[in-house]
Amino acid sequence: DHPLKYMWAYKYDSDYTGINTHADQAAVNVNLWITPDDANLDSNSGGLVIFTAKPPSDWDFTAYNTDTERVDRDILAPTNYANVTVPYRANRAVIFDSALFHHTDKFSFKEGYRNRRINLTLLYGDMQFDSPKTGEL
């Protein structure tokens, strides 16, 4: 049973770094992008980078979402930064385990308010710390 826990939207400036590497306190993450594809200046980017690693169960929310050096050194580097990078596409929904570390991919969208990258996020259920097998999402 995974009821909706959180929902939000971001509307970014045309050139922005997006959200840094983090994991969400939920079981399932749904990201939906709604800006038209012709606003994206690089069709191979602008989406989401999802790593194959989760935080250890003995780390608290603050530790795995603010200590980026530790996450990088102790969690991501040992996996050689194994990830799946999902390019931006309008009306694409990306559904994945919220405990997996992830961040916004680099992006460049056309100038102008109507061209700004819009991301809707919905989080369902409670975080599960069990780790996937290597290379498995």
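Trainee: Which residues of β4 are buried, and on which sides do they sit?
Mentor: Before we look, remember that this is a predicted model: local features need pLDDT of at least 70, side-chain atom pairs count only at pLDDT 80 or more, and totals for chains, interfaces and linings use all residues. Residues are numbered from 1 along each chain as its sequence is written, and side-chain values use heavy atoms, with hydrogens and water left out. Buried means under 20% relative accessible area, exposed over 50%, and partly exposed in between, with a 1.4 Å probe and protein chains only. Both faces of β4 are covered, with Leu48 and Ile50 buried on one side, and on the other Val49 and Phe51.

Trainee: How much of the protein chain is made up of buried residues?
Mentor: The four residues you just met in β4 are all buried. Taken over the 137 residues of the protein chain, the buried share is 40%.

Trainee: How many helices and strands does the protein chain have?
Mentor: Helices (H or I, at least four residues) and strands (E, at least two) are DSSP runs, numbered from the N terminus. Read from that end, the elements follow the order β-β-β-β-α-α-β-β-β-β-β. Counting by type, that makes two helices and nine strands.

Trainee: What is the radius of gyration of the protein chain, and what does the globule rule give?
Mentor: The radius is taken over C-alpha atoms, and the rule is 2.2 Å times the number of residues to the power 0.38. The two values are close for 137 residues, so the protein chain is as compact as a globular protein of that length. The radius is 15 Å, and the rule gives 14 Å.

Trainee: What does the C-alpha trace span along its principal axes?
Mentor: Here we follow the C-alpha trace of the protein chain along each principal axis. The span comes to about 45 × 35 × 25 Å.

Trainee: What is the strand order of the open sheet of three strands?
Mentor: Strands of a sheet pair through backbone hydrogen bonds, either parallel or antiparallel. Two strands count as a pair if DSSP finds at least two bridges between them. In this open sheet the pairing is antiparallel, and the order is β5-β4-β7.

Trainee: Which strands are the edge strands there?
Mentor: An edge strand in this sheet pairs on one side only. That description fits β5 (83-86) and β7.

Trainee: How many bridges join β4 to β5?
Mentor: We can find two of the facing residues: Phe51 stands opposite Asn83, and Val49 stands opposite Thr85. Strand β4 covers residues 48-51, and its pairing with β5 is antiparallel. The number of bridges is four.

Trainee: And how many bridges join β4 to β7?
Mentor: On this side, Leu48 of β4 faces Thr104 in β7. These two strands also run antiparallel. The number of bridges joining them is three.

Trainee: What is the order of the open sheet formed by four strands?
Mentor: Its pairing is antiparallel, and the order is β1-β9-β3-β6. Two of these strands pair on one side only, β1 and β6 (92-97), which makes them the edge strands. Reading across once more, we get β1-β9-β3-β6.

Trainee: How many bridges join β1 to β9?
Mentor: A good place to start is Ala9, which stands opposite Leu120 in β9. The two strands run antiparallel. Their bridges number seven.

Trainee: Is Asn80 buried or exposed, and what is its relative accessible area?
Mentor: Look in the loop between α2 (68-76) and β5 to find Asn80. This residue is exposed, and its relative accessible area is 64%.

Trainee: What is phi of Asn91 near?
Mentor: Most residues other than glycine have a negative phi. Asn91, in the loop between β5 and β6, is exposed with a relative accessible area of 62%. Asn80 has a positive phi, near 60 degrees. Phi of Asn91 is positive too, near 65 degrees.

Trainee: How far apart in space are Asn80 and Phe51?
Mentor: Phe51 is one of the buried residues of β4, whereas Asn80 is exposed. In sequence, Asn80 and Phe51 are 29 residues apart. In space, going from C-alpha to C-alpha, their separation is 10.0 Å.
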